[in-house]
Every structure is written in structure tokens, then in C-alpha cells.
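Hi,

Here is the structure I promised to pass on. Have a look at it first, and then read my notes underneath.

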Amino acid sequence: MHFLTFASSIHDLHRCKSTHLVQEVLLEPETLTKQGRLSDEKAKSLAEAAREHHLKPVLVWDILMTEDSLKRSLDKLSNWDLGLLHAVRVHDLGAAYLLQKEWPQIQIQLLVNSGNHNLEALLGWQAHFGSQLDRMVLSLELPKEQLSTYIKTLSTPCEILGAGRILIFYSPRFLLSQNDQTQRQTDSSWIESLLHTNESGEQTFHALQTKHGTQLFLEEDWFILDQLQPLADLGLSATLIDLRHLSDLPNSADGIEEICNAYRLKQITADNWPRPVTSCFFKENRTSQIFSELKPKTGKLKVQGCLAEVISFEKQKYCAFWVHQNFNAAENTQLHIP
């Protein structure tokens, strides 16, 4: 198992090389990433410098896109010397598909940490992308036992977040500038804010708006670096240490040497991290316990007399039913509309 982290300066590359544990650096051009600040030229020069430092440069392309913005991103990517890169890291499945179609020689690191929490889905992406799939980045919401099963079952190398921010919401919309009277801008400026809701009480959330939308983070950081060894023994390929929010500009990896040194000496604890931390999902994910409360109230209408449920519909073309019992469609029936 090796570590990887974000890099946005030469100083970051020096730090990463000195750890001897960090093998890859993630480069975030502003045009392709949710939190990127690098110009395309700066990102390209860092990719070259990373190779000189014997580090593997990985281009991050993690924004969600409409068709128009996807075409613009492809135009940007076509100007890159992809031979410099170890892999391209993508979230949008449309982007992953186009990488597979247009650049079959480039390795793909697929961000499946949102909306792909079951093994069947992961096996499907593994089969679809085949040998072009360099790695799958798994969700931090998976408990340790489930992660162990996935790592053993998947032939594709797996990565997890070892320490860093916990993203709980992302939207391509500009939600902060709509409510910020002092920074009402339409040019996707970088805006940060602390938020709380009536439901959350005293708990606050860190919100960030960039040119690609709005993100919301938990105030506690994720930290499981002190619990990694069993997964590493099972074959976990890589672990991300995200220090962007703890670094002074223009850096993104301040403190990576200290963290890696503590890990190497087997002295790593939550005390090595400068912010409050949690590993809530790693032991057990109990969020499924509230599923019964989230079910639609129309479920109560499924009494013994229910004939069928509409499961798919397209106007003037078809209506598909899931039939519970035989009935004559010509007879008058009662229709419940939620």
C-alpha cells in the first residue's frame, strides 16, 4: 500500500518525495476540478516536475458536467500531453466513457465514492472499463468489514480516504453567491462560509463555492490512518491523505512529512491531525436504520386489494406495471396518485 496526496507547488513535490511513502500526486487544474486553483500551464509544469521527482502525476477531472461543459473540458484535455500522466481521475461517468473511447491508452482512476456502494455496481464498472481501469476510489461510508470483502473480491486495485475532509454535498449550482450580499458575483469566485441549520443546532458546516459549484463539508475530518494495517494486509492499494484545507497557499500538502513519518514509526494517532476527527462509518454504518422512516407514505396504500404499481411511464407511449395479482385491465379500478 502507498499514499497519495494533492500537490499544487514545487514545495509540495519536495515534501512528497522526502516521505518515501507518497508515490502519486493529484494535480487539480481550475478548469477540470471542483477545488482546483491551478492554471492549465501550471498543472502541466507540475506534471513534468513530478516525473523528475520520481512521482506519478495524476490529473484530477472530478466535476459534474452538462454536455456543453463536457465538450469544453475535452477541448482542454486535448491540449495535454497525456503521456506525462500516470492516470486521469474522473467522477462523471460520461467523462470516463469518453476517456475510454477517445484515449484508450490512458489509465482511469474512477471515483466511485458517491452512489456506488454495492459490490454488484463495482463489479459492473470493473467489467466495463477492463484493463484501462487503474483503480477504484471507494466510499468512506463503507464499514471495515465491507471494505475487506470488496478489496478481496475486486481484481481492480482499490483506494480509500485515510484522512481529510468529509464531503457531504456537492451541487454544480452557485448557492453561496445567491445569498451573499457582499460577494454577489456571477464569475464563480472562491467563497467560503460557515453554515448551520435550525435542525443541526450548534453544529456548523463548512461551505465552499468555486467556479464549478458548491460543496458542503462536515466540521469534523475523516481519520483512519491508525486503523489501516488490516486493510493493507488484505491488499488495499492506495490511501489518500488530503491536506488541502490545512495548507497555506499556494501549497496543498503542508504536514505530509510529519504524517508519513508518524505512520512509518507506527506512532500515528488522531493526535497527529490538527482538527477534530471521526471514523464514524468505519466501524459500522447504521444509516440504514432510518430507511423505514424515509419510505413514501403511499406504501401504506398497498393493502390486500392492491392490484399493481406503476414503475415506468412515458407519455403517449407506454405505462409499465408491477402486477401483484391478476386482474382485468378493462374493469374500473381505483388509482392512487402520490
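E257 counts as partly exposed, because its relative accessibility is 31%. This is a predicted model, by the way, so please read everything below in that light. E257 forms a salt bridge with R15, and the closest N and O atoms of the two are 4.0 Å apart. What I like about the pair is where the partners sit: E257 belongs to helix 8 (residues 256-264) and R15 to helix 1 (residues 10-19), so distant parts of the chain, 242 residues apart, are linked.The structure holds 14 salt bridges in total. Another one that caught my eye pairs E159 with R89, where the closest N and O atoms are 2.4 Å apart. E159 is in strand 7 (residues 158-164) and R89 is in strand 4 (residues 87-90), so this pair ties together parts that lie 70 residues apart in sequence. Are these two partners buried or exposed? E159 is buried, with a relative accessible area of 0%, and R89 is buried too, at 3%.

A third salt bridge joins R135 and D134, with 4.0 Å between the closest N and O atoms. Both of these residues are buried. Through shared partners, salt bridges connect E24, R89, D134, R135 and E159 into one network.

E159 deserves a second look for its surroundings. Apart from neighbours within four places in sequence, E159 is in contact with L4, R89, Q109, R135, M136, V137, L138, L236, A238, T239 and L240. Two of the network members, R89 and R135, are on that list.

Now for the nonpolar side of things. The largest nonpolar core has 87 residues. Which residues have the most contacts inside it? They are W61, L77, V90, L99, L138 and L225. L138 is also one of the contacts of E159. As for L99, with neighbours within four places in sequence set aside, its contacts are W61, L77, V88, V90, P104, I106, I108 and Q132.

There is a nonpolar patch on the surface as well. V310, F313, F321, V323 and F327 make it, and its area is about 490 Å². Strand 15 (308-314) and strand 16 (318-323) supply at least two of the patch residues each. F321 is found in strand 16, and it counts as partly exposed because its relative accessibility is 44%.

I also went through the cysteines. How many disulfides does a search of the whole structure find? The search finds 0. C16 is in no disulfide, and the nearest cysteine sulfur, in C260, is 7.8 Å away. From the side of C260, the closest cysteine sulfur is that of C16, and 7.8 Å is too far for a bond. C16 counts as buried because its relative accessibility is 0%, and C260 counts as buried at 0% as well.

One more residue to look at is K44, which lies in helix 2 (residues 40-52). Why does K44 count as buried? Its relative accessibility is 16%, and the cut-off for buried is under 20%. Leaving out neighbours within four places in sequence, K44 is in contact with N79, W80 and L84. The C-alpha atoms of K44 and L27 are 8.8 Å apart, and the two residues are 17 residues apart along the chain.

Finally, some numbers for the chain as a whole. The secondary structure comes to 10 helices and 16 strands. Of the 338 residues, 46% count as buried. Among contacts with a separation of 6 or more, 65% are between residues 24 or more positions apart. The chain exposes about 18,800 Å², and carbon and sulfur atoms supply 50% of that area.

If you want a place to begin, try E159: it is buried, it sits in strand 7, and it belongs to the salt-bridge network with E24, R89, D134 and R135. From there, go over to F321 in strand 16, which is part of the nonpolar surface patch.

Cheers

Definitions and conventions
Residues numbered from 1 in each chain as written. Predicted model: local features only at pLDDT ≥ 70, side-chain atom pairs only at ≥ 80, totals over all residues. Heavy atoms only, no water. Core = buried A, V, L, I, M, F, W, Y, C linked by side-chain atoms within 4.5 Å. Buried < 20%, exposed > 50% of the residue type's maximum accessible area, 1.4 Å probe, protein only. Contact = heavy atoms within 4.5 Å. Patch = residues over 30% accessible without salt bridge, like charges linked within 9 Å, V, L, I, M, F, W, Y side chains within 5 Å. Areas by Shrake-Rupley, 256 points an atom, 1.4 Å probe, with all protein chains shown as cover. Salt bridge = Lys/Arg side-chain N within 4 Å of Asp/Glu carboxyl O. Helix = DSSP H or I, 4+ residues; strand = E, 2+ residues; numbered from the N terminus. Disulfide = S-S within 2.5 Å.
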